[in-house]
Amino acid sequence: MQLNLEGRTALVTGSTQGIGAAIAQGLAGAGARVGVSGRDPDRVREAIKRFAAQAPQAEFVPVAADLGTEEGAATAMEVLPEVDILVNNLGIFGAKPALEITDDEWRRYFEVNVLSAVRLTRACLPGMTARGWGRIQYIASDSAIAVPAEMIHYGMSKTALLAVSRGFAKEAAGTGVTVNSVIAGPTHTGGVEDFVYELVDRSLPWDEAQRTFMREYRPQSLLQRLIEPEEIANLVVYLSSDQASATTGGAVRVDGGYVDSILP
């Protein structure tokens, strides 16, 4: 299967590291021109330098803006006025006892994880429908369905993205634009190795350590290892392609079987 995104412009929010970085590189590898976003201009430039070293023929566009704000969204649209592929990956997370989460923290999680995606969808969808082609995706999480007791504010925001995605898919019905959410499972991103080694024997090689961690602390996973960011990116690239033209309104899982359900 040839996934060719030449001539398409993509914006990946929160794409200087982790899952977002893998998605940006995956889309670029398929031929898309990719907007790389982050709040810090220096980190955006450094990320693009890394990406370009791996894909010297690719075109990356720096989008230095706080996309959790209206001003940041406006800046992004000035830099990339016509977006064909929007991947809403930006998100914050953290653990906190449920009864200690303040009103301000609830608002912050909703603002960054949900409303940032809504704003950009609102900005990009009309142009996509006018051109008769577009792809919008929301990077959700297994926490949207299996809400962690220690992160219910995070889980709430990811559950909200499933509803947002389904609703905008209905808005885009019949236009040639598809809208989906991607349910990512436990992923090997920055800091995760340190977290794993806090819980398992530090003398274990990484592959054995992560499998021990998954077996003892994430036994729901059928994969029994952490998911690599590139594996999530592979699904996003597919959903961004012409080959995924009949997949819309879905919550597509790349969770390693973590959620114990046939359907989301």
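## A tour from Ser15 to the aromatic pairs

Select Ser15 and Val12: a polar atom of the serine 15 side chain lies 2.7 Å from the backbone oxygen of valine 12. Keep in mind that this is a predicted model.

**Stop 1: around Ser15**

Now add Ser37. The side chain of serine 15 also reaches the backbone nitrogen of serine 37, at 2.8 Å. Serine 15 belongs to the loop between strand E1 (9–12) and helix H1 (18–29). Is serine 15 buried or exposed? Its relative accessibility is 0%, so serine 15 counts as buried. Show its contacts next. Leaving out residues up to four places away in sequence, serine 15 touches Gly20, Ala21, Ala24, Gly35, Val36, Ser37 and Phe51.

**Stop 2: across to strand E6**

Select Val179. Its C-alpha atom is 20 Å from that of serine 15, and the two residues are 164 apart along the chain. Now widen the selection to strand E6, residues 177–184. Eight of its eight residues are buried, so E6 is largely enclosed by the rest of the structure.

Show the E6 side chains. In a regular strand, side chains alternate between the two faces of the sheet. In E6, Val177, Val179, Ser181 and Ile183 point one way. Thr178, Asn180, Val182 and Ala184 point the other way. Both sets are buried.

**Stop 3: the partners of E6**

Add strand E5, residues 134–141. E5 and E6 pair in the parallel sense over eight bridges. Pick isoleucine 136: its bridge partner in E6 is valine 179. Then trace the chain from E5 to E6. The path goes through helix H5 (residues 152–171), and this β-α-β crossover is right-handed.

Next, select strand E7, residues 251–254. E7 also pairs with E6 in the parallel sense, here over four bridges. Which residue of E7 stands opposite serine 181? Select alanine 251 to see it.

**Stop 4: aromatic pairs**

Colour the aromatic rings. The whole structure holds five aromatic pairs. Start with phenylalanine 93 and tyrosine 154. Their ring centres are 6.2 Å apart and their planes meet at 65°, so the pair is edge-to-face; the cut-off for that class is over 60 degrees. Phenylalanine 93 sits in the loop between strand E4 (85–88) and helix H4 (103–131), and tyrosine 154 sits in helix H5, so the pair ties together parts that are 61 residues apart in sequence.

Switch on the surface for these two. Phenylalanine 93 is exposed, with a relative accessible area of 64%. Tyrosine 154 is buried, at a relative accessible area of 13%.

Move to phenylalanine 195 and phenylalanine 213. This aromatic pair is edge-to-face, with 5.8 Å from centre to centre and 75° between the planes. Phenylalanine 195 lies in helix H6 (residues 192–199) and phenylalanine 213 in helix H7 (residues 206–217), so the pair ties together parts that are 18 residues apart in sequence. Phenylalanine 195 is partly exposed, with a relative accessible area of 37%. Phenylalanine 213 counts as buried, at 3% relative accessibility. Add Tyr217 to the selection: Phe195, Phe213 and Tyr217 form one aromatic cluster.

**Last stop: a charge over a ring**

Select arginine 8 and tryptophan 133. The charged end of arginine 8 sits over the ring of tryptophan 133, 3.6 Å from the ring centre.

Conventions. Residues are numbered from 1 along each chain as its sequence is written. This is a predicted model: local features need pLDDT of at least 70, side-chain atom pairs count only at pLDDT 80 or more; totals for chains, interfaces and linings use all residues. Side-chain values use heavy atoms; hydrogens and water are left out. Buried means under 20% relative accessible area, exposed over 50%, partly exposed in between (1.4 Å probe, protein chains only). Helices (H or I, at least four residues) and strands (E, at least two) are DSSP runs, numbered from the N terminus. Two strands pair if DSSP finds at least two bridges between them. A crossover is right-handed if, with the strands pointing away from the viewer, the path from the first strand over the helix to the second runs clockwise. Rings of Phe, Tyr and Trp (its six-membered ring) pair if their centres lie within 6.5 Å; planes under 30 degrees apart count as stacked, over 60 as edge-to-face and the rest as tilted. A charge sits over a ring if NZ of Lys or CZ of Arg is within 6 Å of the ring centre and within 35 degrees of the ring normal. Contact means heavy atoms within 4.5 Å. A polar contact is a pair of N or O atoms within 3.5 Å; within protein, one must be able to donate a hydrogen and the other to accept it, and residues adjacent in sequence count only if both atoms are side-chain atoms.
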